[in-house]
Structures are given as structure tokens and as C-alpha cells.
Amino acid sequence: MENALKDLSADPHVLAIYIAGSLAKGNDDQYSDIDLHTIVNPKRKAEFLKGKRDRANNWGDVSFHEDCNPYSPYVVTHYNTFVKVDSWYHAPEEIVPSIWLKEVEVIYDPLNSMSPVIKESAEKVYKPTPDEVEHWRGKLLAFVH
């Protein structure tokens, strides 16, 4: 994590960095992965996606990468220490208030661009519709069956 943050925060095209998931929520354990999200200059996003594996290779000794799509906004990197990092790359316009940004930890944000989005996200509430409940009930029963 330290290597990733040092690398990313030194890049002038990185606008903000945050972590999500169990690590940000504080309920991580020895099997938790690191969900690392990087907001980049939109004009450079394609370069970040193209070089996402190479960049992750600089953060530690890599065992393998799960991602096989060079256009995907993320790469899952498994390190030989059994640490797994899911590295996501976003353009600023993709970061909008949502329930997924309720419990994140901002690591780097020199322009303070994340604060308004996080504040508005904290007020979001998800309420499933009856159709959604029925859909997922069916999925659960099918899984159990």
C-alpha cells in the first residue's frame, strides 16, 4: 500500500486517491483485499489503463494479474505476499454521489475534490423495490436449490 501511494501521489496526473471496501470500513481481516481507487486527469485515463499492470508491478513482487482486458478500468493484482490489490482508475466525472461512496477513506486529495461527493454520498439511502426483492429472492432460492 505504501509503495502504491508513494507512486501514485507523485504522479501529477493523479487528482485523488481513496480506498473502499472492508479496509476503509475498518472491518478488514487477513483475507481482505485492498480496493484502491485513483482519480486521474481524464485526458490521461487511457494511458493509465494501458499501463495499469506495469504500474502495479512497481508496488511489489507480483505473482499474477487477474485482469485480461486492457480497456477495463481496473486490474486485480496478486502479490507473492498473498496481498491482493484491486486498482481502479476513474476520471473525475465518473465520481458522483452514490451509496458506494458512503464508506470510503480518502488518502490523497490535494484539490479537495472528493469532500463534496463524500458528503452528498453520506445522505444516500438504498431502498430495494418489491421487484428487486423478488428478483434476488429467486436468485437466492436457485442458489440454495
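How many helices and how many strands does the protein chain have? The answer is six helices and six strands. Please keep in mind throughout that this is a predicted model.

Let me begin with the overall layout. Read from the start of the sequence, the elements of the protein chain follow the order α-β-α-β-α-α-β-β-β-β-α-α. Along the principal axes, the C-alpha atoms fill a box of roughly 45 × 35 × 30 Å. The protein chain has 145 residues, and 34% of them are buried. If we take contacts between residues at least 6 apart in sequence, 51% join residues at least 24 apart. The protein chain exposes about 9,700 Å², and carbon and sulfur atoms supply 55% of that area.

I turn next to charge. The protein chain carries 16 positive and 23 negative charges, and the mean positions of these two sets are 4 Å apart. As a general point, side chains of opposite charge can pair when their charged atoms come close. The structure holds seven salt bridges, and I shall discuss several of them.

One of them joins Asp11 and Arg55, whose closest N and O atoms are 3.1 Å apart. Asp11 sits in the loop between α1 and β1, while Arg55 belongs to helix α4, so this pair ties together parts that are 44 residues apart in sequence. Both Asp11 and Arg55 are buried.

Another salt bridge brings together the side chains of Lys84 and Asp33, at 4.0 Å from N to O. This pair, too, links distant parts of the chain: Lys84 is in strand β5, Asp33 is in the loop between α2 and β2, and they are 51 residues apart. Lys84 is partly exposed, with a relative accessible area of 26%. Asp33, by contrast, counts as buried because its relative accessibility is 18%, and the cut-off for buried is under 20%.

The salt bridge between Lys45 and Glu94 has its closest N and O atoms 2.7 Å apart. Lys45 lies in helix α3 and Glu94 in the loop between β5 and β6, so parts 49 residues apart in sequence are tied together. Is Lys45 buried or exposed? Lys45 is buried, with a relative accessible area of 15%. Leaving aside residues up to four places away in sequence, Lys45 touches Val40, Tyr89, His90, Ala91 and Glu94. Its partner Glu94 counts as partly exposed, at 38% relative accessibility. Salt bridges with shared partners also join Asp7, Asp11 and Arg55 into one network.

Let us now move to the surface. Ile99, Trp100 and Tyr126 form a nonpolar patch there, and together they have about 390 Å² of accessible area. Within this patch, Trp100 is located in the loop between β5 and β6, and at 71% relative accessibility Trp100 counts as exposed.

Finally, I should like to mention the backbone. Most residues other than glycine have a negative phi. Which phi does Phe82 have? Phe82 has a positive phi of about 70 degrees, although it is not a glycine. Phe82 lies in the loop between β4 and β5, and it is exposed, with a relative accessible area of 80%. Asn112, likewise not a glycine, has a positive phi of about 55 degrees. Asn112 is found in the loop between β6 and α5 and counts as partly exposed, at 46% relative accessibility.

Thank you for your attention.

Methods: Residues are numbered from 1 along each chain as its sequence is written. Side-chain values use heavy atoms; hydrogens and water are left out. Contact means heavy atoms within 4.5 Å. Helices (H or I, at least four residues) and strands (E, at least two) are DSSP runs, numbered from the N terminus. Buried means under 20% relative accessible area, exposed over 50%, partly exposed in between (1.4 Å probe, protein chains only). Accessible areas come from the Shrake-Rupley method with a 1.4 Å probe; for residues, only the protein chains shown count as cover. Lys and Arg count as positive and Asp and Glu as negative; His and the chain ends are not counted. The place of a charge is taken as NZ of Lys, CZ of Arg, CG of Asp or CD of Glu. Patches are made of residues with over 30% relative accessible area and no salt bridge: like charges are joined within 9 Å, nonpolar side chains (Val, Leu, Ile, Met, Phe, Trp, Tyr) within 5 Å.
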